[in-house]
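Reader: I am new to this structure. Could you take me through it in short steps?

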Amino acid sequence: MGVTIELDVREDLRQKREPFEKIMNAIKPLQPGDTFILHAPFKPLPLFPIMKAKGFTYEAEQIEKKHWKVTFVKQGG
């Protein structure tokens with residue numbers, strides 16, 4: 001079983017802070033099989049191709065009107 005890191009950027013975005021660097025720092029140590037769970041106020045579409053290029057698959061689900069949970073899993077190889 002891999003490591004799971006969870007990050008909620010909803011407050012950062014409410015405060016008009018760009019969470020991109022925080023997200024990139026959070027995923028740095030992840031190895032194949034590890035999971036990164038992101039909570040955001042919208043579906044973070046611009047992040048998907050970046051994460052895919054870094055070897056992650058993802059699944060997004062809308063929890064509430066302004067709460068999306070995206071689960072990224074680091075792939076092997």
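## Strands, loops and exposure

Reader: In which strand is isoleucine 5 found?
Author: This is a predicted model. Isoleucine 5 sits within residues 4–8. That run is strand E1.

Reader: Is isoleucine 5 buried, partly exposed or exposed?
Author: The relative accessible area of isoleucine 5 is 24%. Buried needs a value under 20%, and exposed needs one over 50%. The value falls in between, so isoleucine 5 is partly exposed.

Reader: How far apart are the C-alpha atoms of isoleucine 5 and phenylalanine 36?
Author: Along the chain, 31 residues separate the two. In space, isoleucine 5 is in contact with Phe36, leaving aside neighbours within four places in sequence. Its other contacts of this kind include Ala26, Pro29 and Thr35. The C-alpha atoms of isoleucine 5 and phenylalanine 36 are separated by 4.9 Å.

Reader: Where is threonine 35 found, and is it buried or exposed?
Author: Threonine 35 belongs to strand E2, residues 35–40. Its relative accessible area is 15%. The cut-off for buried is under 20%, so threonine 35 counts as buried.

Reader: Which residues is threonine 35 in contact with, leaving aside its neighbours within four places in sequence?
Author: Isoleucine 5 has Thr35 among its contacts, and threonine 35 lists Ile5 in turn. The full set for threonine 35 is Val3, Thr4, Ile5, Leu30, Thr71, Phe72 and Val73.

Reader: Between which elements does lysine 54 lie?
Author: Lysine 54 is in a loop. Its relative accessible area is 39%, so it is partly exposed. The loop lies between helix H3 (47–53) and strand E3 (56–64).

Reader: Which residues is lysine 54 in contact with, leaving aside its neighbours within four places in sequence?
Author: Take leucine 30, which is 24 residues from lysine 54 along the chain. Their C-alpha atoms are separated by 11 Å. Leucine 30 is not on the contact list of lysine 54, which reads Met24, Ile27 and Lys74.

Reader: What is the phi of lysine 16?
Author: Lysine 16 is in the loop between helix H1 (10–14) and helix H2 (20–27). It is exposed, with a relative accessible area of 75%. Its phi is positive, in a residue other than glycine. The value is near 65°.

Reader: In what order do the elements of the chain run?
Author: The chain has 3 helices and 4 strands. From the N terminus on, their order is β-α-α-β-α-β-β.

Reader: Which domain does UniProt place at residues 6–74?
Author: Over residues 6–74 the chain is 29% helix and 38% strand. The end C-alpha atoms of that stretch are 14 Å apart. The UniProt entry is unreviewed, and the domain it gives there is DUF2249.

Reader: What is the radius of gyration of the chain?
Author: The C-alpha atoms fill a box of roughly 35 × 25 × 20 Å along the principal axes. With 77 residues, a compact globule would have a radius of gyration near 11 Å. The value for the chain agrees with that: 12 Å.

Reader: How many of the contacts join residues at least 24 apart?
Author: Count contacts in the chain between residues at least 6 apart in sequence. The share that joins residues at least 24 apart is 61%.

Reader: How far apart do the centres of the positive and negative side chains lie?
Author: The chain exposes about 5100 Å², and carbon and sulfur atoms supply 53% of it. It has 13 positive and 10 negative side chains. The centres of the two sets lie 5 Å apart.

Key. Residues numbered from 1 in each chain as written. Predicted model: local features only at pLDDT ≥ 70, side-chain atom pairs only at ≥ 80, totals over all residues. Heavy atoms only, no water. UniProt positions renumbered as here; feature names shortened; annotations may be inferred. Helix = DSSP H or I, 4+ residues; strand = E, 2+ residues; numbered from the N terminus. Rg over C-alpha atoms; globule rule 2.2 N^0.38 Å. Contact = heavy atoms within 4.5 Å. Areas by Shrake-Rupley, 256 points an atom, 1.4 Å probe, with all protein chains shown as cover. Lys, Arg positive; Asp, Glu negative; His and termini not counted. Charge placed at Lys NZ, Arg CZ, Asp CG, Glu CD. Buried < 20%, exposed > 50% of the residue type's maximum accessible area, 1.4 Å probe, protein only.
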